[in-house]
Amino acid sequence: MKAVVLAAGEGVRLQPLTFTRPKHLLPVAGRPLIQHLIEAIRMAGINEILIVVRYKAEMISEFFGNGDKFGVKISYVQQGEEKGTADAVKAVEPYVEEDFLLVYGDLLVENEVIKRVIKTHIREKAEATLTVVPVESPQHYGILALQGNRVIKIVEKPTPEEAPTNLANAGIYALSTSIFDKIRRTSHSKRGEIEITDSLTLLINEGKTVLAVTIPKESWIDVGRPWDLFEANEWKLKRLTHRIDGQIENGAVVIGPVTVEKNARIRSGAYIKGPVFIGAGSDVGPNCFIRPYTSLGKNVRIGNACEIKNSIILDETHVGHLSYVGDSIIGESCNLGAGTVIANLRFDGKNVKMRVKDEIVDTGRRKLGVILGDHVETGINASFMPGVKVGNNCWIGPHVLVSSDVPPDTVLLLRQELEERRLKS
């Protein structure tokens, strides 16, 4: 059986991080999302993978190559236009001769889930087998109505009153090749896309065997919005086999599960409380505090007397001394000047809100700092309010307080008026 991984989408809701990379390459626990997924597919016993690409496709193909170094065989299929999930699946038809696994590329999932879906599909000789997961907000998902383990209806993003269950489509399928005929007969949805769930509905309406496998919520993570990366990072850090290959200086304290990759250095006085991931070549300290669920990429520099809490910091970024970064995602090759402070808690203690696709959204998180794109630089004592996003290639000047989103390629400077007086002698 082959696996098909959908990785063509742009990930607009994850901007500014996706201005410069596809969302599938966003890192959690030191590795891209899609790498964790491919490892789960391999551990489930599938070694041949087709990745459907479009947006910044070359970045994905350059990272994985032919898959040899990841223990799998990878081929790439280009989706011409972004016309929906069914259109993406249609692109692989010439390369699939038998039943196949289909997985959305922005998921984290345990390999046992994939094994279970495949086993059920083969045992029951189904036309299609879906995974479903219980969710708290059905209005954000495709929701399934079941009769036993048989799917009788799929309702896309129903209102709470309309939702037949709280079981959401988890984006992991085993499919027969009959799905391609249904895709050809699928009409465009209200969004103007050809949806795989509409193709599956055609199978259901014809009385074909379409089954659902219910999986526990803790075995699956869907990453669609910036703050979902925190949950994904925590999920993966808890499941890593941690090891220390870098240098820990005398006087540094490392507690709990912590990974320190080769050529990384933890300087004296640093206090690291896991789970934490420190990427290759990074330099931490002295005298700083790295708190749980923090992941540092490659060649990250954390200066003297900094505190980093529950954050993801991408490759080549420098955090200057006396800075605080909490509950934030900092892009690649950023440079935070000394004394940069990121607020992550509102005065009133209410949930932090963030703008996503021109809509103000309640993140559901009481603590949330900022999302910085790549190549952002801050001057000394720059400050950020909770829930702010800053686009790539921005300069935030000294002493500037950023309280609203900043578009890419922007310079923010504080105009200062000085009054000079002479003291009487």
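These questions and answers go through a predicted model.

Student: How many helices and strands does the secondary structure of the protein come to?
Tutor: The model is predicted, and its elements are DSSP runs. Counted over the protein, they come to 7 helices and 39 strands.

Student: Why is the protein said to be as compact as a globular protein of its length?
Tutor: The globule rule gives 22 Å for 425 residues. The protein is close to that value, so it counts as being as compact as a globular protein of that length. Its radius of gyration is 24 Å.

Student: Which are the edge strands of the open sheet of 7 strands?
Tutor: The order is β16-β19-β22-β25-β28-β33-β36, with parallel pairing. An edge strand pairs on one side only. That picks out β16 (258-260) and β36 (389-390).

Student: Which helix packs on that sheet?
Tutor: The helix touches β19 (276-278), β22, β25 and β28. Its direction makes about 90° with that of β22. It is α7, residues 228-239.

Student: Which residue in β28 does Ile312 stand opposite?
Tutor: β25 and β28 (residues 329-330) run parallel and are joined by 2 bridges. The partner of Ile312 in β28 is Ile329.

Student: What is the phi of Gly148, in the turn between β9 and β10?
Tutor: β9 (residues 142-147) and β10 (residues 150-156) are antiparallel over 6 bridges. Gly142 stands opposite Glu156 there. The two strands form a hairpin with 2 residues between them. Gly148 in the turn has a positive phi of about 70°.

Student: Where is Glu316, with its positive phi, found?
Tutor: Most residues other than glycine have a negative phi. Glu316 has a phi near 65°. Tyr293 also has a phi near 65°, in the loop between β21 (289-290) and β22. Glu316 is found in the loop between β25 and β26 (318-319).

Student: Which residue does a cis peptide bond join to Gly274?
Tutor: Most peptide bonds are trans. Here omega is about 5°. The partner lies in the loop between β18 (271-273) and β19. It is Pro275.

Student: Which residues lie closest to the centre of the second largest pocket?
Tutor: This pocket holds about 520 Å³ of space. Its lining has 22 residues, and β3 (31-32), α2 (57-64), β22 (294-296) and β25 (312-313) each give two or more. By type, the lining divides into 10 nonpolar, 6 polar and 6 charged. Closest to the centre are Leu25, Pro27, Pro32, Phe63 and Asp315.

Conventions
Residues numbered from 1 in each chain as written. Predicted model: local features only at pLDDT ≥ 70, side-chain atom pairs only at ≥ 80, totals over all residues. Heavy atoms only, no water. 1 Å grid on protein atoms, 1.4 Å probe; cavity = no way out; pocket = protein on both sides within 12 Å on 5 of 7 lines; lining within 4 Å. Points joined across faces, edges and corners; volume = space filled by probe spheres on them. Helix = DSSP H or I, 4+ residues; strand = E, 2+ residues; numbered from the N terminus. Nonpolar A, V, L, I, M, F, W, Y, C, P; charged D, E, K, R; others polar. Pairing = 2+ DSSP bridges. Contact = heavy atoms within 4.5 Å. Axes fitted to C-alpha atoms, helices over the stretch in contact; angles between N-to-C directions. Rg over C-alpha atoms; globule rule 2.2 N^0.38 Å.
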